[in-house]
Amino acid sequence: MLAKRVATALVLLAVIVAALAAPSPLPWAIASALFLSLGAFEWSRLLPGAAGRAWIALGVFVAASTAYVVFRPDGGMPPEALAVIAAALTGFWVVAGARRLATHDARGGGWPLAVLLLVGCWVALYELRILGILPLFSAMAVIWIADIAAYFIGRAIGRRKLAPSISPGKSWEGAVGAGFVVAIAGLLAAAVPALSGSLPALLVGRLSGPGAVLVLAGMVALSVVGDLHESLLKRQAGVKDSGATLPGHGGVLDRIDALIP
């Protein structure tokens with residue numbers, strides 16, 4: 001099992017590095033779209049009576065992402081349009097996502113909602129790559145750092161369960177600690193001249209230090225909602241993993257659940 005996990009991780013790392021290192025954003029657009037389309041496929045299979053529609057979800061995702069690349073204006077999408085998309089989808093995770101966790105039902109909306117949310121995630125990844133490798137990588141790093149910090153802090157001092165009926169391993173101490181770690185890491189990164197193009201530095205430049213900390217803390221909170229949401233989906237479907245796409249790691253959705261919001 002360990003050998004499979006390592007081999008899969010190395011292959012994924014090689015693909016990601018190659019796509020990111022390409023001069024054009026197109027390889028990243030293709031690689032990330034294929035990856036997230038598998039996430040749409042897995043999400044749809046977790047829904048009741050939707051197993052036969054999983055291929056439709058995958059196809060719709062590929063068609064939507066392809067259309068976005070083809071018809072995207074040469075000068076880029078208007079910032080106002082991106083702001084509306086971001087606000088609408090973030091609003092879903094803040095309001096509906098939290099409500100779905102509270103009512104213990106993550107299945108509403110069917111495969112169309114799954115595709116919409118994953119296409120929104122992909123648009124963010126693609127637009128960040130167009131801004132540059134550093135903005136994209138640093139945005140993803142926020143989630144990775146939060147996930148790692150929450151795990152180790154939770155293991156060390158976690159006492160109060162965050163959502164015991166959904167994911168017994170998560171604690172309030174881990175989640176809050178992750179927010180602190182990300183905030184400190186972000187402020188330190190923003191102070192490094194070589195990282196002036198990173199997401200934390202851009203946030204500090206536009207919103208000042210306190211504003212950047214609030215946004216980073218919000219990203220951490222949303223990542224927790226995404227993680228718990230997928231855990232609830234799997235619990236309702238009665239499965240341990242979202243799929244078997246990645247040998248030794250489970251499904252694609254298992255690897256990107258915190259990143260989606």
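This briefing walks through the helices, core, empty spaces and a handful of single residues in the structure above. Please keep in mind that the model is predicted. Helix 5 is a good place to begin, as 16 of its 22 residues are buried. Helix 5 also gives the largest share of the largest nonpolar core, 13 residues, and the largest share of the lining of the second largest pocket, 10 residues.

**Helix 5**

- Helix 5 covers residues 110–131, and its 22 residues reach 33 Å from the first C-alpha to the last.
- That span is close to the 32 Å expected at 1.5 Å a residue.
- Helix 5 is mostly covered, with 16 of its 22 residues buried.
- Just after the helix comes glycine 132, whose phi is positive, near 150°.

**The largest nonpolar core**

- The largest nonpolar core holds 61 residues, and those that touch the most other members are Leu36, Trp43, Phe61, Trp93, Leu118, Trp122 and Ile260.
- Helix 5 supplies the largest share of this core, 13 residues.
- Which residues does tryptophan 93 contact, once its neighbours within four places in sequence are left aside? They are Trp43, Ala98, Leu117, Leu222, Val225, Gly226, His229, Ile260 and Pro261.
- Two of these partners, Trp43 and Ile260, are also among the core members that touch the most others.

**The cavity**

- How many cavities of 30 Å³ or more does the structure hold? There is 1, and the volume of the largest cavity is about 40 Å³.
- Its lining is made of Trp43, Trp93, Gly226, His229, Glu230, Leu233, Leu253, Asp257 and Ile260.
- By type, this lining divides into 5 nonpolar, 2 polar and 2 charged residues.
- Helix 8, which covers residues 199–237, gives the most to the lining, with 4 residues.
- Trp93 is part of this lining, and its contacts include the lining residues Trp43, Gly226, His229 and Ile260.

**The second largest pocket**

- The second largest pocket has a volume of about 1,400 Å³.
- It is lined by 37 residues, of which Leu82, Ala86, Ala124, Leu128 and Leu199 are the closest to its centre.
- Helix 4 (79–103), helix 5, helix 6 (133–157) and helix 8 each supply at least two lining residues.
- The largest share, 10 residues, comes from helix 5.
- The lining divides into 31 nonpolar, 3 polar and 3 charged residues.

**Residues with a positive phi**

- Histidine 104 sits in the loop between helix 4 and helix 5.
- Its phi is near 60°, a positive value in a residue other than glycine.
- Histidine 104 counts as partly exposed because its relative accessible area is 36%, which falls between the limits of 20% and 50%.
- Serine 208 lies in helix 8 and has a phi near 75°, again a positive value in a residue other than glycine.
- With a relative accessible area of 36%, serine 208 is partly exposed.

**Three more residues, from exposed to buried**

- Alanine 21 is in helix 1, which covers residues 2–21.
- Alanine 21 has a relative accessible area of 56%, so it passes the 50% limit and counts as exposed.
- Between alanine 21 and glycine 179 there are 30 Å in space, C-alpha to C-alpha, and the two are 158 residues apart in sequence.
- Serine 165 is found in the loop between strand 1 (161–163) and strand 2 (167–171).
- Serine 165 is partly exposed, at a relative accessible area of 40%.
- Not counting residues up to four places away in sequence, serine 165 touches His104 and Arg235.
- Serine 165 is 35 Å from leucine 128 in space, C-alpha to C-alpha, with their positions 37 residues apart in sequence as the separation.
- Is serine 32, a residue of helix 2 (residues 26–45), buried or exposed? Serine 32 is buried, since its relative accessible area is 4%, under the 20% limit.
- Serine 32 and serine 65 are 33 residues apart in sequence and 9.9 Å apart in space, C-alpha to C-alpha.

Note on methods:
Residues numbered from 1 in each chain as written. Predicted model: local features only at pLDDT ≥ 70, side-chain atom pairs only at ≥ 80, totals over all residues. Heavy atoms only, no water. Buried < 20%, exposed > 50% of the residue type's maximum accessible area, 1.4 Å probe, protein only. 1 Å grid on protein atoms, 1.4 Å probe; cavity = no way out; pocket = protein on both sides within 12 Å on 5 of 7 lines; lining within 4 Å. Points joined across faces, edges and corners; volume = space filled by probe spheres on them. Nonpolar A, V, L, I, M, F, W, Y, C, P; charged D, E, K, R; others polar. Expected span 1.5 Å × (residues − 1). Core = buried A, V, L, I, M, F, W, Y, C linked by side-chain atoms within 4.5 Å. Contact = heavy atoms within 4.5 Å.
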